[in-house]
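Subject: Structure for your review

Hello,

Please find the structure below. My notes on what was found in it follow.

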Amino acid sequence: MDMTSSAGKPVQITVTEGYELVKGTKGDFPVTFVRAEFNNVVLGDSTKFMVTAEGTARYNFNTSFEFNPDGVNTLDELAHKPVFLTVIEVLPKEKKQKDERTVTLGQAVVDLLPLLEGESTFEIMAPLHPVIGSPLENNRPGAKCCLEVTVSVSEALLTTAQILGGNLLRMTLEAAYSVPEIFVPTGPQQNYMAGLQIPSNKEKDYPILFKNGILKLGGEKEPVPRPKKWPIFNILAPGAQYIPDAFITGGPYVEEDGELNHPEDKEFRNQAETFKKRIVWDLESRSYLDPVAVVNFQKRIADCRFFPVEIARVPVAPGEEEAQFNFHGVAYVNMVPLLYPGVKRIRGGFRVLPYLDGPVYEKTKCLFSLFRDAGHQNQNHKPTNVPGINSPQAKPVVTKTGKEEKPVKEKDTVRRKSSSIKSQSSDFPLEGEIPLYQNSEGQQYMEAATYIVLEIELEKALVPKRLPEELGARVRDMIPPRPSPVRRTGGAQKALDDYHTQIQNISVAILEEYHKMFGKDLTPGKDLDNQTLEDHKCQLNYELNCSGKYFAFKEQLKSMPDENLSTALTAATTSEQLRLFAYEAQVNEDFALATVYYEERLVRDNQNIEHWLDYGSFCLLLDDITKAQECFRKALASTVITGLMLMMFHYEQAEIFFEDATCLEPNNVVAWTLLGLFYEIQNNDIRMEMAFHEAAKQLNAKLIKEKTTSETVDIGGKLDSSITTLGIVRSSSPSKRDIPGDLLPSQSQLLWCPLSRSLCFILTLVFLASPLLLFLSLLIWFFSASSKSQVSSAALSPSTFQGVSHPPISIFMETTRFLMKVKAIQYVHRVLAHELLYPQGGPSCEYYLVLAETHLLKKDFPKAEEYLQAAVQMDYMNPNVWGLKGHLYFLNGNHAEAKECYERTVSFVVDAAEMHFIYLRLGSIYLEDGENEKAKNTYLMACKKSPSCLTWLGVGIACYRLEELTEAEDALSEANAMNNYNAEVWAYLTLVCLKVSFQLSTRQSFFPLKLGNEDLLKEIHRVQEMVGFGDPSF
């Protein structure tokens, strides 16, 4: 970067006046002057002034120093070194005293950071901090000793390009905790140091050093918030060592970015930060990065990911400028989060390991040690004084053999270091190989579990993140406002009103018939007795049946739903019930009936995006990609104009919608996880890591919140403690990865985003080229859209019904649950692959259950049985395992084994996830085996939990077999009300009517539908022959 235009610019320091300088050493009106100092150089002294009675001193002192980017006072010096203003009192001369005596009263610091922010002048009231023993310590209460200071330059130190492209790096080293026990505060004085190297605009890296750490014994935690200190050690006043308005605030461990931010680390960190020894620095060092250095910094992070932060102990030997360092350790700081969009700060605890050349180079690609090889770093920089550190410039490096090595070229050094990596990375050197560097002292850091806590912060994010306002504006530009739906005059209410009107008309007609027959018997003011009324009723029924009017009236009532089936069905059932019926037919592989129900919902409300998405997901299950895409486009067409269809294959626009979605719902775990999969498909590893990291962070936060809620809410014994709000319960036999069940989130908390906010997900469809990306974005939106209703969302998922579910201890298993909801089998395997590689992941009972279900959907029964066997071995008492095993045997035709598994599932104290279908299939097996009473009870349990046409049909069949004809007719009527196009329901109604000899009703109930059950047709023939009437051909 060409900075010649900034060379030789003077920085003017003006001290105008001092305030509240009332007391001096020898009196109340001391004579004082100000001394200015910057970068260990005294800039000058002001003239001497006597403090007035008001405590003021008008210094009007001007001084300056020269800023030179290639000299001593560089931008880095301005960034982390302040101007020191020392107020000194001149004491009166005593007799025979030749020289003037002075006493330091206090010291003020002026931070020059505004000059690096583009300002050319600024004013400050710098507090004057008293030195130890100064009379200012005893100043009156409320007095604020300060100096009025102005800092100015003739023109800005930074050019526009430097302001826009440069950056300011702040690094705060807080402390090293749980240090080796050999570290003691007594004995020879030690200098505890740490540092790292950052890329600069030169060929070599720039070192950042933290010196003079304070060794403390355990007993109490470091207070927070506490002020940060300047990385300078010649400060006279204790209060002047603190950086103004800069504090260490701490925070929850789980929100950190380091290595010790897991829930299992909390206890150890509490112990280490309270009771164990620690080395405290609390220093903040700043470095200015010009545009070239910023690019190098980004590239280094992308290439190496980890930066080594070294720590060492250096004995302070009196009279010696240099001493050999020891206890050389290193912490590997993952800097990748700084490449995440919008991230400017990382903070956390990082383990300290012994410094070994091989592992350091392998992990960080760093060739030189900041402490041991300091000379290499200073070849292209101005000399950096590292007091107390032995460097190759002063003494040659000595190997273990004790022989001095000759100076070597950099290439030779690289070759030697690279050749030692293999042996250094293991505990034992290769045969015939002498390690260049062994570190037994550094091993003590690992044995003591030492870790450092540090913070790295940038003024501006390396990768800018679009603001929510910008994203919202861009989305609004591409999406016109959705027009208000046209108000319909019909609908469910109109159908119901018409039906009631028809009932009233028929009632009037029946009353007219009654009046014609018995009107002459009616006398005003005189009531008829019960026997007369009963006789009138029988005669009226006979007349209506003989004349055919009864049949006509009944057909008029039935014609109402027949004329407009969809309207009547809508009036009788809700959208959620229709979704349940569709899923029921889908599981039973009656795809034609499922299609009817899905289309019925669309007829009811084709403006509902959720209805189109449900139907589209069903079509995906059938591999009908064309129809699925049509459904998704229909969902899109109600919101987006046709012109947006021309914007396909524009990944940039797709990413806009993804970012907007995560901005709207930043705590959505599944959305972040699927976004990570999106970046993985794009081969964007850093963004993928960012999304997965954010998903894990949000999941941990949610689990902690769930735990806190469970500990504070008293359920009063109304529910079992193992059952959550939607009936999801903990496993009775947890796997090795399980966490306490009170951390289990309820199903409703997995569904957050309202439809209006999540629209951006579905819009991503038009911008994605790959079918995988297309469906991925659909899944994200579908997840968000499902939150419109818990019942509606859950109806599509087997997990809606009360059942066992393991706590979501990883982002991938929680995402897998969602993917299974929409039967996205190929994507489930992709996520499960991540689960195996996840540090907290690995095979679990739920993992094997998911694999078994995917193979069950593919009809790969051997593989499904293999995974179910593995699940049984991990959790024998899990009802989900036995329920799915029962489904396997049922679909395989082994009903005896299926019956045993289903009965075991039902006998558990807690329910499995798919109890609805377990009841249905177990009831059907009971009917096959002639155990009609058991079948009746099983189907009734299904009706109680989730009634449907099939559950009531099962009850009706069981009651018919038990000769409970009245109950059978009631149950079959319920089934007929839910689906009056089920031929089997009409067939059993026919059998019931034949048994009770309702001839007319029998002719009406045998509805001309196609009945595929030949055995049931034969039974109808037998009953007709037995009762002597009825014609099955009617």
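Which residue forms a salt bridge with Glu284, and how far apart are the closest N and O atoms? The partner is Arg286, and the closest N and O atoms are 3.2 Å apart. Keep in mind throughout that this is a predicted model.

Both ends of that pair are covered. Arg286 has a relative accessible area of 4% and is buried; Glu284 also counts as buried, at 4% relative accessibility. The pair belongs to one network, in which salt bridges that share partners join Asp111, Arg170, Lys228, Glu284, Arg286, Arg345, Glu455 and Glu459.

Another link in that network can be described in some detail. The side chain of Arg286 also meets that of Asp111 in a salt bridge, with 2.9 Å from N to O. Arg286 sits in strand S16 (residues 278-289), while Asp111 is in the loop between S7 and helix H2 (113-116), so this salt bridge ties together parts that are 175 residues apart in sequence. Asp111, like Arg286, is buried.

Salt bridges elsewhere

The whole structure contains 39 salt bridges. One of them joins Lys216 to Glu222, with 3.3 Å between the closest N and O atoms. Here the two ends are covered to unlike degrees: Lys216 is partly exposed at 32% relative accessibility, whereas Glu222 is buried at 14%.

The chain as a whole

The chain has 1034 residues, and 51% of them count as buried. Its secondary structure consists of 37 helices and 20 strands. Among contacts with a separation of 6 or more, 70% are between residues 24 or more positions apart. The accessible surface is about 49,000 Å², and carbon and sulfur atoms account for 53% of that area.

Strand S7

Thr102 belongs to strand S7, which covers residues 102-110. Its relative accessible area is 44%, which means that Thr102 is partly exposed. Setting aside neighbours within four places in sequence, Thr102 has contacts with Phe33, Ile88, Glu89 and Val90. For Ile88, 14 residues away along the chain, the C-alpha atom is 6.5 Å from that of Thr102.

Three helices

Helix H6 spans residues 357-364, and its buried residues are Asp357, Gly358, Val360 and Thr364. Lys365, just after H6, has a positive phi of about 60°.

His855 is part of helix H27 (residues 845-857). Is His855 buried or exposed? With a relative accessible area of 11%, His855 is buried. Beyond its neighbours within four places in sequence, His855 is in contact with His829, Asp860, Lys863, Ala864 and Tyr867.

Helix H34 runs over residues 965-978 and holds Glu967. Glu967 is partly exposed, at 41% relative accessible area. On the surface, Glu967 gathers with Glu969, Asp970 and Glu974 in a patch of negative charge.

If you open one site to begin with, I suggest Arg286, since the notes start there. Its salt bridges include those with Glu284 and with Asp111.

Regards

Definitions and conventions. Residues numbered from 1 in each chain as written. Predicted model: local features only at pLDDT ≥ 70, side-chain atom pairs only at ≥ 80, totals over all residues. Heavy atoms only, no water. Helix = DSSP H or I, 4+ residues; strand = E, 2+ residues; numbered from the N terminus. Buried < 20%, exposed > 50% of the residue type's maximum accessible area, 1.4 Å probe, protein only. Contact = heavy atoms within 4.5 Å. Areas by Shrake-Rupley, 256 points an atom, 1.4 Å probe, with all protein chains shown as cover. Patch = residues over 30% accessible without salt bridge, like charges linked within 9 Å, V, L, I, M, F, W, Y side chains within 5 Å. Salt bridge = Lys/Arg side-chain N within 4 Å of Asp/Glu carboxyl O. Lys, Arg positive; Asp, Glu negative; His and termini not counted. Charge placed at Lys NZ, Arg CZ, Asp CG, Glu CD.
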